[in-house]
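Please look at the structure shown below and keep it in view while reading. The paragraphs that follow lead through it step by step.

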Amino acid sequence: MTDSTDTLTLSGAIRRGAIGLGLFAVFTAGLIAATQQWTAERIANNQRAFEAQTLLALVPEEQHDNQLLDTAFSTQLPTLTDTDLLRLPEPADWYQAKLNNEVVAVILPLVAPEGYTEAIRLIMAVDRSGTLLGVRVTAHRETPGLGDQVELSKSDWILNFDGQSLSQPPLENWQVKKDGGAFDQLTGATITPRAVVRAVARGLQFFERNRAVLLSLNPTEAEAS
(Lines give C-alpha, C1' and ligand atoms only; values in the text may rest on other atoms or scores of the structure.)
Protein backbone atom coordinates (compact mmCIF):
# COMPACT_ATOMS: atom_id res chain seq x y z
CA MET A 1 0.00 0.00 0.00
CA THR A 2 2.79 2.29 0.90
CA ASP A 3 4.72 1.48 -2.32
CA SER A 4 1.61 2.16 -4.44
CA THR A 5 1.02 5.49 -2.71
CA ASP A 6 4.62 6.48 -3.16
CA THR A 7 4.44 5.58 -6.89
CA LEU A 8 1.32 7.68 -7.37
CA THR A 9 2.89 10.58 -5.48
CA LEU A 10 6.06 10.34 -7.57
CA SER A 11 4.03 10.11 -10.78
CA GLY A 12 1.98 13.12 -9.79
CA ALA A 13 5.07 15.10 -8.97
CA ILE A 14 6.60 14.28 -12.36
CA ARG A 15 3.37 15.26 -14.11
CA ARG A 16 3.16 18.54 -12.23
CA GLY A 17 6.82 19.22 -12.99
CA ALA A 18 6.28 18.54 -16.69
CA ILE A 19 3.27 20.85 -16.77
CA GLY A 20 5.24 23.52 -14.96
CA LEU A 21 8.14 23.23 -17.39
CA GLY A 22 5.73 23.38 -20.30
CA LEU A 23 4.08 26.52 -19.00
CA PHE A 24 7.49 28.08 -18.33
CA ALA A 25 8.61 27.26 -21.87
CA VAL A 26 5.47 28.81 -23.36
CA PHE A 27 5.85 31.90 -21.19
CA THR A 28 9.54 32.27 -22.08
CA ALA A 29 8.89 31.81 -25.79
CA GLY A 30 6.16 34.43 -25.67
CA LEU A 31 8.38 36.82 -23.77
CA ILE A 32 11.21 36.36 -26.28
CA ALA A 33 8.86 36.86 -29.23
CA ALA A 34 7.42 40.04 -27.69
CA THR A 35 10.90 41.36 -26.92
CA GLN A 36 12.11 40.63 -30.44
CA GLN A 37 9.11 42.41 -31.93
CA TRP A 38 9.56 45.41 -29.66
CA THR A 39 13.32 45.67 -30.22
CA ALA A 40 13.01 45.10 -33.98
CA GLU A 41 10.69 48.10 -34.26
CA ARG A 42 13.01 50.16 -32.09
CA ILE A 43 16.08 49.11 -34.09
CA ALA A 44 14.28 49.93 -37.34
CA ASN A 45 13.34 53.38 -36.04
CA ASN A 46 16.90 54.01 -34.85
CA GLN A 47 18.29 52.84 -38.19
CA ARG A 48 15.90 55.13 -40.05
CA ALA A 49 16.93 58.08 -37.86
CA PHE A 50 20.60 57.29 -38.47
CA GLU A 51 20.02 57.04 -42.19
CA ALA A 52 18.18 60.36 -42.23
CA GLN A 53 20.97 62.02 -40.28
CA THR A 54 23.60 60.60 -42.63
CA LEU A 55 21.68 61.58 -45.75
CA LEU A 56 21.23 65.13 -44.50
CA ALA A 57 24.96 65.34 -43.82
CA LEU A 58 25.55 64.76 -47.53
CA VAL A 59 22.69 66.89 -48.86
CA PRO A 60 21.83 69.56 -46.28
CA GLU A 61 18.23 70.66 -45.88
CA GLU A 62 18.81 74.03 -47.53
CA GLN A 63 19.71 72.23 -50.77
CA HIS A 64 16.42 70.38 -51.18
CA ASP A 65 12.76 70.75 -50.30
CA ASN A 66 11.65 67.13 -49.99
CA GLN A 67 11.92 64.44 -47.34
CA LEU A 68 14.83 62.31 -48.47
CA LEU A 69 13.65 59.10 -46.86
CA ASP A 70 10.32 59.43 -48.66
CA THR A 71 12.04 59.15 -52.04
CA ALA A 72 13.56 55.74 -51.51
CA PHE A 73 13.83 53.54 -54.59
CA SER A 74 15.29 50.07 -54.74
CA THR A 75 18.45 49.28 -56.64
CA GLN A 76 16.37 46.45 -58.08
CA LEU A 77 14.44 48.95 -60.18
CA PRO A 78 14.12 47.32 -63.63
CA THR A 79 15.02 50.57 -65.35
CA LEU A 80 18.49 50.58 -63.77
CA THR A 81 21.45 48.89 -65.45
CA ASP A 82 24.92 47.81 -64.33
CA THR A 83 23.93 47.60 -60.67
CA ASP A 84 26.83 45.17 -60.15
CA LEU A 85 29.06 48.26 -60.11
CA LEU A 86 27.67 49.02 -56.66
CA ARG A 87 28.82 45.59 -55.39
CA LEU A 88 25.77 45.30 -53.13
CA PRO A 89 25.23 41.81 -51.68
CA GLU A 90 21.50 42.49 -51.54
CA PRO A 91 19.16 45.18 -52.92
CA ALA A 92 19.31 48.52 -51.12
CA ASP A 93 17.56 51.87 -51.30
CA TRP A 94 18.77 54.96 -53.10
CA TYR A 95 17.31 58.44 -52.68
CA GLN A 96 16.55 61.60 -54.63
CA ALA A 97 17.03 65.14 -53.33
CA LYS A 98 14.58 67.49 -55.04
CA LEU A 99 14.31 71.24 -55.24
CA ASN A 100 11.48 73.05 -57.01
CA ASN A 101 10.26 69.77 -58.49
CA GLU A 102 13.64 68.88 -59.97
CA VAL A 103 16.04 66.16 -58.85
CA VAL A 104 19.17 68.02 -57.81
CA ALA A 105 21.13 65.09 -56.37
CA VAL A 106 20.94 61.38 -55.71
CA ILE A 107 22.31 59.35 -52.83
CA LEU A 108 23.54 55.88 -53.72
CA PRO A 109 24.50 52.91 -51.55
CA LEU A 110 27.64 51.01 -52.45
CA VAL A 111 30.02 48.48 -51.01
CA ALA A 112 33.78 48.18 -51.09
CA PRO A 113 34.22 44.40 -50.86
CA GLU A 114 38.02 44.63 -50.67
CA GLY A 115 38.13 46.03 -47.13
CA TYR A 116 40.94 44.81 -44.87
CA THR A 117 38.71 42.71 -42.62
CA GLU A 118 35.40 42.66 -44.46
CA ALA A 119 33.31 44.65 -46.92
CA ILE A 120 32.90 48.37 -46.21
CA ARG A 121 29.47 49.90 -46.68
CA LEU A 122 29.21 53.43 -48.01
CA ILE A 123 26.81 56.00 -49.35
CA MET A 124 27.66 58.74 -51.81
CA ALA A 125 25.78 61.83 -52.95
CA VAL A 126 26.12 63.00 -56.55
CA ASP A 127 24.65 66.18 -58.03
CA ARG A 128 23.14 66.57 -61.50
CA SER A 129 26.52 67.28 -63.07
CA GLY A 130 28.03 64.06 -61.74
CA THR A 131 30.04 65.82 -59.06
CA LEU A 132 30.35 64.23 -55.65
CA LEU A 133 28.73 66.13 -52.81
CA GLY A 134 30.21 63.69 -50.34
CA VAL A 135 30.89 60.11 -49.32
CA ARG A 136 30.34 58.49 -45.95
CA VAL A 137 31.20 55.11 -44.48
CA THR A 138 28.10 53.62 -42.89
CA ALA A 139 29.50 50.28 -41.69
CA HIS A 140 32.94 48.73 -41.45
CA ARG A 141 35.21 46.59 -39.28
CA GLU A 142 38.54 48.08 -40.24
CA THR A 143 41.51 48.11 -37.89
CA PRO A 144 41.13 50.70 -35.09
CA GLY A 145 43.68 53.47 -35.43
CA LEU A 146 44.52 52.51 -39.03
CA GLY A 147 41.86 51.59 -41.55
CA ASP A 148 39.06 53.03 -39.47
CA GLN A 149 40.35 56.50 -40.39
CA VAL A 150 38.05 56.33 -43.41
CA GLU A 151 35.27 57.10 -40.94
CA LEU A 152 34.62 60.83 -40.65
CA SER A 153 34.54 60.69 -36.86
CA LYS A 154 38.15 59.47 -36.93
CA SER A 155 39.68 61.63 -39.65
CA ASP A 156 38.68 63.95 -42.51
CA TRP A 157 40.20 61.67 -45.19
CA ILE A 158 36.75 60.83 -46.60
CA LEU A 159 36.20 64.54 -47.38
CA ASN A 160 38.81 64.26 -50.15
CA PHE A 161 36.00 63.03 -52.39
CA ASP A 162 33.99 66.24 -52.10
CA GLY A 163 33.84 68.02 -55.45
CA GLN A 164 35.42 65.13 -57.39
CA SER A 165 33.97 63.51 -60.50
CA LEU A 166 34.92 61.03 -63.20
CA SER A 167 36.65 63.85 -65.09
CA GLN A 168 38.31 65.36 -62.02
CA PRO A 169 40.47 63.40 -61.63
CA PRO A 170 40.25 61.24 -64.79
CA LEU A 171 39.08 57.68 -64.23
CA GLU A 172 42.60 56.23 -64.59
CA ASN A 173 43.68 58.33 -61.60
CA TRP A 174 40.99 57.01 -59.29
CA GLN A 175 43.60 55.14 -57.25
CA VAL A 176 45.57 55.92 -54.11
CA LYS A 177 48.89 57.68 -54.69
CA LYS A 178 50.80 54.51 -53.83
CA ASP A 179 49.21 52.97 -56.94
CA GLY A 180 49.93 56.05 -59.05
CA GLY A 181 46.56 57.68 -58.47
CA ALA A 182 45.35 61.01 -57.12
CA PHE A 183 44.13 60.07 -53.65
CA ASP A 184 46.12 59.95 -50.43
CA GLN A 185 46.35 56.66 -48.60
CA LEU A 186 46.24 56.56 -44.84
CA THR A 187 49.35 56.31 -42.70
CA GLY A 188 49.93 52.62 -42.11
CA ALA A 189 46.87 51.61 -44.09
CA THR A 190 46.62 51.30 -47.86
CA ILE A 191 44.18 48.45 -48.38
CA THR A 192 41.20 50.25 -46.85
CA PRO A 193 41.51 53.59 -48.71
CA ARG A 194 42.32 51.72 -51.92
CA ALA A 195 39.08 49.75 -51.56
CA VAL A 196 37.06 52.89 -50.85
CA VAL A 197 38.53 54.88 -53.76
CA ARG A 198 37.78 52.07 -56.18
CA ALA A 199 34.25 51.65 -54.83
CA VAL A 200 33.50 55.36 -55.24
CA ALA A 201 34.87 55.32 -58.79
CA ARG A 202 32.54 52.42 -59.61
CA GLY A 203 29.67 54.32 -58.05
CA LEU A 204 30.33 57.30 -60.28
CA GLN A 205 30.38 55.03 -63.32
CA PHE A 206 27.03 53.62 -62.21
CA PHE A 207 25.67 57.16 -61.95
CA GLU A 208 26.86 58.03 -65.46
CA ARG A 209 25.32 54.92 -66.98
CA ASN A 210 22.00 55.50 -65.21
CA ARG A 211 21.93 59.30 -65.12
CA ALA A 212 18.59 59.60 -66.95
CA VAL A 213 16.84 57.21 -64.57
CA LEU A 214 18.42 58.49 -61.38
CA LEU A 215 17.60 62.13 -62.17
CA SER A 216 14.11 61.43 -63.47
CA LEU A 217 11.06 62.43 -61.45
CA ASN A 218 9.65 59.05 -62.45
CA PRO A 219 12.58 56.64 -62.33
CA THR A 220 10.33 53.62 -62.55
CA GLU A 221 9.53 54.45 -66.18
CA ALA A 222 12.59 56.37 -67.36
CA GLU A 223 15.15 54.74 -69.61
CA ALA A 224 18.85 54.57 -68.82
CA SER A 225 20.98 56.87 -70.99
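Rings of Phe, Tyr and Trp (its six-membered ring) are said to pair if their centres lie within 6.5 Å; planes under 30 degrees apart count as stacked, those over 60 as edge-to-face, and the rest as tilted. The structure is a predicted model, in which local features need pLDDT of at least 70 and side-chain atom pairs count only at pLDDT 80 or more, while totals for chains, interfaces and linings use all residues. Residues are numbered from 1 along each chain as its sequence is written, and side-chain values use heavy atoms, with hydrogens and water left out.

A search of the whole structure for aromatic pairs finds five. One of them joins Phe161 and Trp174, whose rings are stacked, at 6.1 Å centre to centre and 10° between the planes. Both residues lie in the loop between E5 and H2, 13 residues apart. The names E and H stand for elements taken from DSSP runs: helices (H or I) have at least four residues, strands (E) at least two, and both are numbered from the N terminus. Phe161 and Trp174 are both buried, a word that means under 20% relative accessible area, whereas exposed means over 50% and partly exposed lies in between (1.4 Å probe, protein chains only). Phe161 has a second partner: the ring centres of Phe161 and Phe183 are 5.2 Å apart and their planes stand at 35°, so this pair is tilted. Phe161 and Phe183 are both in the loop between E5 and H2, so their pair ties together parts 22 residues apart in sequence.

Which residues do the ring pairs link into a cluster? They are Trp157, Phe161, Trp174 and Phe183. Within this cluster, Phe161 counts as buried because its relative accessibility is 0%, and Phe183 counts as buried because its value is 4%. Contact means heavy atoms within 4.5 Å. Not counting residues up to four places away in sequence, Phe183 touches several residues, including Asn160, Pro169, Gln175 and Val197.

The next subject is the sheet. Five strands form an open sheet in the order E1-E2-E3-E4-E5, with antiparallel pairing; two strands pair if DSSP finds at least two bridges between them. The edge strands, each pairing on one side only, are E1 (73-74) and E5. E3 and E4 pair in the antiparallel sense over eight bridges, and one partnership here is that of Ile107 with Ala125 in E4. E4 and E5 are likewise antiparallel, over six bridges. Across E4 and E5, Leu122 has Val137 as its bridge partner, Met124 stands opposite Val135, and Val126 stands opposite Leu132. E4 and E5 form a hairpin with four residues between them, and Gly130 in the turn has a positive phi of about 90°. Seven of the eight residues of E4 are buried, so this strand is largely enclosed by the rest of the structure.

What lies across E3, E4 and E5? Helix H2 does, running at about 135° to E3; axes are lines fitted to C-alpha atoms, for helices over the stretch in contact, and angles run from 0 to 180 degrees between N-to-C directions. H2 has 19 residues and reaches 27 Å from its first C-alpha to its last, close to the 27 Å expected at 1.5 Å a residue, where the expected span is 1.5 Å times one less than the number of residues. Of the 19 residues of H2, 14 are buried, so the helix is largely enclosed by the rest of the structure. Thr192 is found in H2 and counts as buried because its relative accessibility is 3%. Leaving aside neighbours within four places in sequence, Thr192 is in contact with Tyr116, Ile120, Glu142, Gly147 and Val150.

Strands, helix and loop can now be brought together. A nonpolar core is a set of buried Ala, Val, Leu, Ile, Met, Phe, Trp, Tyr and Cys residues joined through side-chain atoms within 4.5 Å. The largest such core has 40 residues, and those with the most contacts inside it are Val106, Leu122, Leu132, Phe161, Trp174 and Val196. Elements giving two or more residues to this core are E3 (103-112), E4 (120-127), E5 (132-139), H2 (191-209) and H3 (211-214). H2 gives the most, with nine residues. Apart from this core lies another, of 11 residues, among them Leu69, Tyr95, Ile107 and Ile123. In soluble globular proteins, nonpolar side chains tend to be buried together.
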